[in-house]
Amino acid sequence: MSQADLLAQDPVFQLKGSMLAITVMELAHNDLERLDAQLTEKVAQAPAFFSNTPLVLALDKLPQGEGELDLAELMAVCRRHGLRTLAIRASRESDVAAAEAMDLPVLPPSGARERPIDPAPKKVEEKPADPEHKPSRIVTTPVRGGQQVYAQSGDLIVLAPVSAGAELLADGNIHVYAPMRGRALAGIKGNTKARIFCQQMGAEMLSIAGHYKVAEDLRRDPLWGDAVHVSLSGDVLNITRL
């Protein structure tokens, strides 16, 4: 991966920051034609940013009455401009259903705590229990460039090499018992106790609960290329030898 691709992990124009180490595109209107045209202008201004940039599509601020969103076409527009959709943030049932049909993670909408919640005790009891007992996801084959592997509500364990351009995401910890050259994002829903373990650190990006380091920073670490354990202290990633 080129130096320009690595720099693309840092935002270079006004989209929307988030608790994740991922760019958030917050849609103000359901107008894919205008979106395509405006993205074309932005690519011309800052082409390096739009090179395999991880993206969360925020659909929860779309005005009511602008019609049903074509999520597949929206993702295709973003993909044409180098934006790779990892998840959506949504509140409308139609958007959530469309994402689930494509096996796309759905994050809570902005300001979700202030939204009316069904007080039925059955749901309140069942939801917190679900993530606690989710088994780890184990991957035994190489994760190649362009692939994305997500462990929802649990840990991700990879027993094979992870190539540059590949993406590992987990709500819990990430373990890579092989060379790690792609991106690893642990605790993506805000779990600050999540950790990353890798046998050989050569990553493009490491992130825990939205705090991250890219390859430029990681290469300066004396443990580059070694077996490491990554944890979060405050807002700082700590990298120690295994």
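A residue is called buried here when its relative accessible area is under 20%, with exposed reserved for values over 50% and partly exposed for those in between. In this predicted model, N173 has a relative accessible area of 19% and therefore counts as buried, since the cut-off is under 20%.

The position of N173 along the chain is in a loop, namely the one that leads from β8 (167-170) to β9 (174-180). From there, the side chain of N173 reaches the backbone nitrogen of R195 at 2.7 Å. When neighbours within four places in sequence are set aside, the residues in contact with N173 are G154, D155 and L156, together with K193, A194 and R195.

The chain continues into the second part of this picture with strand β11, which spans residues 196-201 and pairs with β14 in the antiparallel sense over 3 bridges. Within that pairing, C198 has V228 of β14 as its bridge partner.

Strand β14 itself covers residues 228-233 and is mostly covered, 5 of its 6 residues being buried. Besides its pairing with β11, β14 is joined by 6 bridges to strand β15 (residues 236-241), and these two strands also run antiparallel. One of the residue pairs here links S231 to N238, the latter being the bridge partner in β15. The connection between β14 and β15 is a hairpin with 2 residues between the strands, and G234, which lies in the turn, has a positive phi of about 70°.

Key
Residues numbered from 1 in each chain as written. Predicted model: local features only at pLDDT ≥ 70, side-chain atom pairs only at ≥ 80, totals over all residues. Heavy atoms only, no water. Helix = DSSP H or I, 4+ residues; strand = E, 2+ residues; numbered from the N terminus. Buried < 20%, exposed > 50% of the residue type's maximum accessible area, 1.4 Å probe, protein only. Polar contact = N/O pair within 3.5 Å; in protein donor to acceptor, adjacent residues only side chain to side chain. Contact = heavy atoms within 4.5 Å. Pairing = 2+ DSSP bridges.
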